[in-house]
Amino acid sequence: AEYAHEIGRSAMLDEIAFPAGYIDSGGRFFVSKRATTKNLEARISARDRATSLARFVVGNPQPYKRGGVRVRVKRKGTATPMRGAWLTGVNSGNRGLAVRVARGGTIPGRRRGVAGLPKLRSDKSGNSYLLYGPSVNQAFKGVGDDIKPKVSEFMAKDFSRRFQAAIRSSARGSK
(Lines give C-alpha, C1' and ligand atoms only; values in the text may rest on other atoms or scores of the structure.)
Protein backbone atom coordinates (compact mmCIF):
# COMPACT_ATOMS: atom_id res chain seq x y z
CA ALA A 1 0.00 0.00 0.00
CA GLU A 2 2.84 2.39 0.82
CA TYR A 3 4.44 1.74 -2.57
CA ALA A 4 1.14 2.23 -4.44
CA HIS A 5 0.49 5.39 -2.44
CA GLU A 6 3.86 6.86 -3.39
CA ILE A 7 3.59 5.85 -7.06
CA GLY A 8 0.02 7.22 -7.21
CA ARG A 9 1.06 10.48 -5.57
CA SER A 10 3.90 10.97 -8.06
CA ALA A 11 1.64 10.14 -11.02
CA MET A 12 -1.01 12.62 -9.86
CA LEU A 13 1.55 15.38 -9.40
CA ASP A 14 2.93 14.67 -12.90
CA GLU A 15 -0.57 14.96 -14.36
CA ILE A 16 -2.32 17.69 -12.33
CA ALA A 17 -0.82 21.01 -11.18
CA PHE A 18 -1.82 20.63 -7.53
CA PRO A 19 -0.06 23.20 -5.31
CA ALA A 20 2.97 22.03 -3.34
CA GLY A 21 1.93 19.95 -0.33
CA TYR A 22 -1.78 20.00 -1.22
CA ILE A 23 -2.15 16.22 -1.69
CA ASP A 24 -0.22 15.40 1.48
CA SER A 25 -2.14 17.66 3.85
CA GLY A 26 -5.61 17.57 5.33
CA GLY A 27 -6.23 13.84 4.87
CA ARG A 28 -6.58 14.24 1.12
CA PHE A 29 -4.59 11.13 0.12
CA PHE A 30 -3.46 8.41 2.53
CA VAL A 31 -3.19 4.70 3.28
CA SER A 32 -6.40 4.07 5.20
CA LYS A 33 -5.91 0.35 5.79
CA ARG A 34 -2.67 -1.60 5.99
CA ALA A 35 -2.32 -5.30 5.23
CA THR A 36 -1.60 -7.66 8.12
CA THR A 37 -0.60 -11.31 8.28
CA LYS A 38 -4.23 -12.22 8.96
CA ASN A 39 -5.80 -9.87 6.41
CA LEU A 40 -3.87 -9.07 3.22
CA GLU A 41 -6.22 -6.28 2.21
CA ALA A 42 -4.84 -2.75 2.05
CA ARG A 43 -6.66 0.42 1.06
CA ILE A 44 -5.66 3.84 -0.21
CA SER A 45 -8.19 6.63 0.28
CA ALA A 46 -8.48 9.97 -1.48
CA ARG A 47 -10.74 12.90 -0.68
CA ASP A 48 -13.73 13.16 -2.99
CA ARG A 49 -14.46 16.88 -2.45
CA ALA A 50 -13.73 19.01 -5.50
CA THR A 51 -10.65 21.23 -5.37
CA SER A 52 -11.30 24.94 -5.65
CA LEU A 53 -10.17 26.21 -9.03
CA ALA A 54 -8.53 29.08 -7.14
CA ARG A 55 -5.72 26.65 -6.23
CA PHE A 56 -4.80 26.46 -9.92
CA VAL A 57 -4.59 30.21 -10.55
CA VAL A 58 -1.31 31.25 -12.17
CA GLY A 59 0.38 34.48 -11.14
CA ASN A 60 -0.79 36.82 -8.44
CA PRO A 61 -4.08 38.45 -9.49
CA GLN A 62 -5.72 40.99 -7.22
CA PRO A 63 -8.64 39.61 -5.19
CA TYR A 64 -12.09 40.94 -6.06
CA LYS A 65 -10.89 42.46 -9.38
CA ARG A 66 -12.92 41.25 -12.34
CA GLY A 67 -10.21 41.63 -14.99
CA GLY A 68 -9.85 37.89 -15.26
CA VAL A 69 -7.35 35.30 -14.14
CA ARG A 70 -5.25 32.59 -15.76
CA VAL A 71 -5.74 28.97 -14.65
CA ARG A 72 -3.56 25.90 -15.29
CA VAL A 73 -4.93 22.53 -14.15
CA LYS A 74 -2.79 20.15 -16.23
CA ARG A 75 0.84 20.11 -15.15
CA LYS A 76 2.18 20.19 -18.72
CA GLY A 77 -0.57 22.40 -20.12
CA THR A 78 -0.63 26.11 -20.67
CA ALA A 79 -2.54 28.57 -18.54
CA THR A 80 -6.03 29.33 -19.80
CA PRO A 81 -7.28 32.90 -19.45
CA MET A 82 -10.69 33.21 -17.83
CA ARG A 83 -12.07 36.66 -18.57
CA GLY A 84 -14.65 37.82 -16.11
CA ALA A 85 -13.45 35.46 -13.36
CA TRP A 86 -12.10 36.78 -10.07
CA LEU A 87 -10.73 35.56 -6.76
CA THR A 88 -13.04 35.98 -3.83
CA GLY A 89 -13.05 35.09 -0.16
CA VAL A 90 -15.14 32.11 0.91
CA ASN A 91 -15.63 30.38 4.26
CA SER A 92 -12.74 30.07 6.73
CA GLY A 93 -10.58 32.61 4.93
CA ASN A 94 -10.05 30.38 1.88
CA ARG A 95 -10.04 31.70 -1.65
CA GLY A 96 -12.52 30.80 -4.34
CA LEU A 97 -12.65 31.49 -8.05
CA ALA A 98 -15.93 33.05 -9.08
CA VAL A 99 -17.53 33.88 -12.40
CA ARG A 100 -20.74 35.72 -13.26
CA VAL A 101 -22.96 34.46 -16.05
CA ALA A 102 -26.13 35.78 -17.66
CA ARG A 103 -29.41 34.29 -16.49
CA GLY A 104 -29.75 30.81 -17.99
CA GLY A 105 -26.22 31.11 -19.40
CA THR A 106 -23.41 28.62 -19.43
CA ILE A 107 -19.81 28.71 -18.36
CA PRO A 108 -17.38 28.32 -21.27
CA GLY A 109 -16.09 24.76 -21.43
CA ARG A 110 -19.15 23.29 -19.68
CA ARG A 111 -21.67 21.29 -21.68
CA ARG A 112 -24.55 22.15 -19.37
CA GLY A 113 -25.60 25.29 -17.57
CA VAL A 114 -24.53 26.26 -14.09
CA ALA A 115 -26.90 23.94 -12.21
CA GLY A 116 -25.03 22.10 -9.51
CA LEU A 117 -22.39 24.76 -8.91
CA PRO A 118 -22.63 26.60 -5.59
CA LYS A 119 -23.76 30.18 -5.88
CA LEU A 120 -21.65 32.90 -4.36
CA ARG A 121 -23.60 33.93 -1.26
CA SER A 122 -22.46 37.55 -1.33
CA ASP A 123 -23.75 38.09 -4.88
CA LYS A 124 -27.12 39.85 -4.78
CA SER A 125 -27.96 39.07 -8.43
CA GLY A 126 -27.59 35.32 -7.87
CA ASN A 127 -25.62 34.87 -11.09
CA SER A 128 -22.13 34.35 -9.61
CA TYR A 129 -20.81 30.86 -9.13
CA LEU A 130 -17.74 29.28 -7.56
CA LEU A 131 -15.68 27.11 -9.89
CA TYR A 132 -13.97 23.82 -9.07
CA GLY A 133 -11.31 21.57 -10.54
CA PRO A 134 -10.69 17.85 -10.04
CA SER A 135 -10.80 16.26 -6.60
CA VAL A 136 -7.81 14.23 -5.40
CA ASN A 137 -9.99 11.11 -5.82
CA GLN A 138 -10.70 11.97 -9.47
CA ALA A 139 -6.99 12.55 -10.09
CA PHE A 140 -6.12 9.21 -8.46
CA LYS A 141 -8.71 7.37 -10.57
CA GLY A 142 -7.30 9.11 -13.64
CA VAL A 143 -3.81 7.71 -13.07
CA GLY A 144 -4.99 4.31 -11.79
CA ASP A 145 -4.57 2.46 -15.09
CA ASP A 146 -1.11 3.99 -15.54
CA ILE A 147 0.22 2.74 -12.19
CA LYS A 148 -1.43 -0.72 -12.15
CA PRO A 149 1.43 -2.53 -13.95
CA LYS A 150 4.12 -1.13 -11.62
CA VAL A 151 2.10 -1.86 -8.48
CA SER A 152 1.16 -5.37 -9.67
CA GLU A 153 4.78 -6.22 -10.44
CA PHE A 154 5.92 -4.90 -7.06
CA MET A 155 3.20 -6.87 -5.23
CA ALA A 156 4.06 -10.11 -7.04
CA LYS A 157 7.77 -9.76 -6.23
CA ASP A 158 7.10 -8.76 -2.62
CA PHE A 159 4.63 -11.61 -2.08
CA SER A 160 7.08 -14.12 -3.55
CA ARG A 161 9.93 -12.80 -1.40
CA ARG A 162 7.84 -12.97 1.77
CA PHE A 163 6.44 -16.40 0.90
CA GLN A 164 9.95 -17.80 0.31
CA ALA A 165 11.11 -16.30 3.63
CA ALA A 166 8.15 -17.94 5.42
CA ILE A 167 8.95 -21.33 3.85
CA ARG A 168 12.61 -21.06 4.90
CA SER A 169 11.57 -20.01 8.39
CA SER A 170 9.15 -22.92 8.82
CA ALA A 171 11.71 -25.39 7.42
CA ARG A 172 14.25 -24.25 10.02
CA GLY A 173 11.65 -24.55 12.76
CA SER A 174 10.71 -28.15 11.88
CA LYS A 175 14.29 -29.49 12.18
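Begin by selecting Thr51 in this predicted model, and then add Gly133, which is the bridge partner of Thr51 in strand E9. Widen the selection to strand E3 and to E9, residues 128-133, and you will find that the two run antiparallel and are joined by two bridges.

Next, bring in the rest of this sheet, in which four strands lie in the order E3-E9-E8-E7, forming an open sheet with antiparallel pairing. Look then at its borders: E3 (51-52) and E7 stand at the edges with a single partner strand each, so one side of each is left without a neighbour in the sheet.

Now move to Val58, and select Arg70 in E5 as well, since these two residues stand opposite each other. Their strands, E4 and E5 (residues 69-71), pair in the antiparallel sense over two bridges. They belong to an open sheet of three strands, ordered E4-E5-E6 and paired antiparallel. Here E4 (57-58) and E6 (80-82) are the edge strands, and because each has a single partner strand, one side of each lacks a neighbour in the sheet.

For the last stop, turn to the largest nonpolar core, which has 29 residues, and select Met12, Phe18, Val71, Met82 and Leu97, the residues with the most contacts inside it. At least two residues of this core come from each of helix H1 (2-15), E5, E7 (85-89), E8 (95-100) and helix H2 (136-174), and H2 gives the most, with six residues. Finally, centre the view on Met12 and, leaving aside residues up to four places away in sequence, pick out the residues that Met12 touches, namely Ile23, Phe29, Val136, Ala139, Phe140 and Val143.

Technical notes: Residues numbered from 1 in each chain as written. Predicted model: local features only at pLDDT ≥ 70, side-chain atom pairs only at ≥ 80, totals over all residues. Heavy atoms only, no water. Pairing = 2+ DSSP bridges. Core = buried A, V, L, I, M, F, W, Y, C linked by side-chain atoms within 4.5 Å. Buried < 20%, exposed > 50% of the residue type's maximum accessible area, 1.4 Å probe, protein only. Contact = heavy atoms within 4.5 Å.
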